[in-house]
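Hello,

Here is the model I promised to pass on to you. Please open it next to this email and follow along.

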Amino acid sequence: MENNCFNMTPLGPDAHNTLGTVCIFGTGDFGRSLGLRLLQAGYSVVFGSRNPQNSSLLPKGAQVLSHLEAAQTSRIIFIAVHRENYEFLSAFSQELSGKVLVDISNNLRKNQYPESNAEYLAKLLPQANVVKAFNTVSAWALQSGSLDASRQVFVCGDNCESKQMVMDSARSLGLTALDQGSLLAAKELENYPLQLFPLWRLPMYIAMGLTAAFFIYCVLTEIVYTFVTEGKDHSFMIVVSIANRVFPIVSLIMLALCYLPGVIAAILQLYNGTKYKRFPDWLDKWMLCRKQLGLVALALAFLHVLYSLVIPIRYYVSHHRYIYTVSQLKDNKSLMFDNSVAWRNDSFYSLGILGFGLYVLLGITSLPSVSNMVNWREFRFVQSKLGHITLLLCTAHTLVYDWNAFLYASRYRWYLPPANVLSLIVPCIVLVLKLILITPCVDRVITRIRQGWERKSAHAPHDTSGQPLAL
Ligand SMILES: Cc1cc2nc3c(=O)[nH]c(=O)nc-3n(C[C@H](O)[C@H](O)[C@H](O)COP(=O)(O)OP(=O)(O)OC[C@H]3O[C@@H](n4cnc5c(N)ncnc54)[C@H](O)[C@@H]3O)c2cc1C
Ligand SMILES: NC(=O)c1ccc[n+]([C@@H]2O[C@H](COP(=O)([O-])OP(=O)(O)OC[C@H]3O[C@@H](n4cnc5c(N)ncnc54)[C@H](OP(=O)(O)O)[C@@H]3O)[C@@H](O)[C@H]2O)c1
Ligand code: HEM
């Protein structure tokens, strides 16, 4: 084991552990769990409590003293008390002077207080060395061995030695300590456990919004329309037919939305003549959640493939086939084999299968265990080049399926175009723009801009009316 002993005052005859003594203020859920893990790791643990007599729940082997007595036993003190109760610590400012105080506290809301809890503690006790750590680990995870929870302990503080001591303690518990810099980072660390899937939120809203919109659109143009105009009840179609229309459509649009920001970014760079100008905030946010957009889109494509597998065994389909065969027999007709239909049908399936294969490959390379194994160029080759090919194949699959739907007036129900025609708008825009961007004359300029070249006028000084100044 690495040498992670603290430089602390020995505890006395009761101290049987070898790594040194650690003090914990507060005998609540977190204090107890942390105490147990520290004891198991080989530390002597001393709790500081308002009520040292009431210690029945504490881990066996730990000592409970008053705050004052406990503070004297160790150089490092974990403050397992809520921020709202920190005031009581001011009474011990002298005893805590020079000690390493580990602020593990969290708040109920993001940015609940003007300053972070750790900075507040540092203000209350200016003579102590405050380190923010352990707030992203839950008491339950500590108690259960943290095997199924994040092992990362983010640490920040202004005193390097104190920070090192806290990081060593985290490592001795089998956790991964990550230095996050000075105490200024504490607010970010405190906000971190309060976030709820921040990068997944926008993709989930997009997926839910598009799914709801296309679901209503399809129900209106297919089920309600058939009922109103022909008096037929096709509501059963909601379960498989409409689902297998909406999911692939939303998947295709979301796949295109993964590649649209890259195209917009390239156009902006061309327009600005430099790569050193910041992208607008909305574009930055969009670029950051492309992985999540892609993974949600992949999940919807999976659903589409599963739904497509059941098509041949559907009652509706086999009934149709049966009626058709009987009518052919009755009329003594035989259906001729149409080579062009066979080509189109096979191409449609083949394009879908190839597109889905590459889609899955994109999903696999986005797994951290895989992306860590490839270099940046390889990752971009798969995500960017193969990603655009995936979009091309999936768009072609949809086009071949029903490419001429928009040509027939009968397909416009209540003047609304078929849903699959609508689904092609964004992917086609992305593909056409990408095609323009990769033409040699445009690509050459983008490549130069990305290598740091700037158009002269891009940074030329401007007069107050915005006109470039003659130099
Ligand atoms: C299933 C699935 C999984 C996905 N997983 C991931 C994932 O794990 N991670 C991820 O990021 N995306 C992921 N995506 C989204 C998408 O595949 C990638 O973001 C992809 O890299 C986008 O390619 P692009 O060419 O549009 O953008 P990029 O290759 O990011 O380029 C976009 C813009 O960035 C700028 N740029 C690029 N290179 C440079 C440079 N050298 N110098 C200056 N500016 C530059 C340019 O402005 C360029 O236009 C996933 C998508 C799917 C469908
Ligand atoms: N629980 C978690 O999973 C978790 C995870 C990360 C961070 N945290 C943070 O850890 C800290 C403790 O959380 P917890 O869940 O252990 O809370 P808790 O169960 O409520 O325990 C807090 C402890 O603080 C002490 N205390 C209460 N009021 C006090 C007062 N007025 N003055 C002095 N001490 C007082 C008490 O110990 P005594 O009776 O012994 O004095 C009490 O047991 C919080 O800041 C929390 O944000 C908790
Ligand atoms: C194994 C791969 C795939 C198979 C077998 C397959 C099969 C099918 C089938 C059978 C249909 C017609 C559905 C119907 O009649 O209602 C269809 C339509 C469609 N597919 Fe695929 N597909 C595959 C992959 C994909 C992928 C990866 C995408 C991209 C997102 C996609 C997008 C679409 C779209 C948008 C439609 C039109 C939906 C509609 O309007 O009905 N498919 N596909």
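Before we look around, one definition will help: a residue counts as buried if 20 or more other C-beta atoms lie within 10 Å of its own, as exposed if 12 or fewer do, and as partly exposed in between, with C-beta atoms placed from the backbone. Tyr415 is exposed, because 6 other C-beta atoms lie within 10 Å. We will come back to it below.

Now the ground rules. This is a predicted model, so local features need pLDDT of at least 70 and side-chain atom pairs count only at pLDDT 80 or more, while totals for chains, interfaces and linings use all residues. Residues are numbered from 1 along each chain as its sequence is written, and chains are lettered from A and ligands numbered from 1 in the order in which they are written.

**Confidence**

The pLDDT is the predictor's confidence in each residue, from 0 to 100. The chain average is 90, and 92% of the residues reach at least 70. Two stretches do less well. For residues 1-15 the pLDDT stays under 50, and the model has 27 contacts there beyond four places in sequence; two residues are in contact if their C-beta atoms, placed from the backbone, lie within 7 Å. Residues 461-471 are also below 50, with eight contacts beyond near neighbours in sequence.

**What the record says**

The annotations below come from an unreviewed UniProt entry. Their positions are in the numbering used here, feature names are shortened, and they may be inferred rather than shown by experiment. For helices (H or I, at least four residues) and strands (E, at least two), I use DSSP runs, numbered from the N terminus.

- "Pyrroline-5-carboxylate reductase catalytic N-terminal" is a domain annotated over residues 21-107. This span is 21% helix and 24% strand, with its end C-alpha atoms 28 Å apart.
- "Ferric oxidoreductase" is a domain annotated over residues 249-393. Here the chain is 81% helix and 0% strand, and the end C-alpha atoms lie 14 Å apart.
- "Transmembrane region" is annotated for several spans, including 248-272 and 421-442. Residues 248-272 are 100% helix, and their end C-alpha atoms are 36 Å apart. Residues 421-442 are 86% helix, with 30 Å between the end C-alpha atoms.

**Around the ligands**

A residue is near a molecule if its C-beta atom, placed from the backbone, lies within 6 Å of it. For the classes, Ala, Val, Leu, Ile, Met, Phe, Trp, Tyr, Cys and Pro count as nonpolar, Asp, Glu, Lys and Arg as charged, and the others, Gly among them, as polar.

Which residues come nearest to ligand 1? They are Gly262, Ala265, Gly294, Ser366 and Ser384, out of 23 around it. Helix α8 gives the largest share of this shell, seven residues. By class, the shell holds ten nonpolar, eight polar and five charged residues.

Ligand 3 has 26 residues around it, and Pro248, Ser251, Gly352, Cys394 and Asn420 are the closest. Elements giving two or more residues to this shell include α8 and α15 (419-423). Again α8 supplies the largest share, seven residues. The classes here are 14 nonpolar, eleven polar and one charged.

Ligand 2 is surrounded by 20 residues, of which Thr27, Gly28, Phe30, Ser49 and Ser105 come nearest. Helix α1 (residues 29-41) gives the most to this shell, three residues. Twelve of the shell residues are polar, six nonpolar and two charged.

**Cores**

A nonpolar core is a set of buried Ala, Val, Leu, Ile, Met, Phe, Trp, Tyr and Cys residues joined through C-beta atoms within 7 Å. The largest one has 53 residues, and Phe78, Ile79, Leu101 and Val102 touch the most other members. Leaving out residues up to four places away in sequence, the partners of Val102 include Ile76, Phe78, Val131 and Val166. A separate core of 35 residues includes Cys258, Trp286, Phe356 and Val430.

**Three loop residues**

Back to Tyr415: it sits in the loop between α14 and α15. Its phi is positive, near 60°, although Tyr415 is not a glycine. Phe197, in the loop between α6 (186-191) and α7 (198-230), has a positive phi of about 40°. Phe197 is exposed because 9 other C-beta atoms lie within 10 Å. Phe88 lies in the loop between β4 (76-79) and β5 (100-103), and is exposed with 12 other C-beta atoms within 10 Å.

Enjoy exploring!
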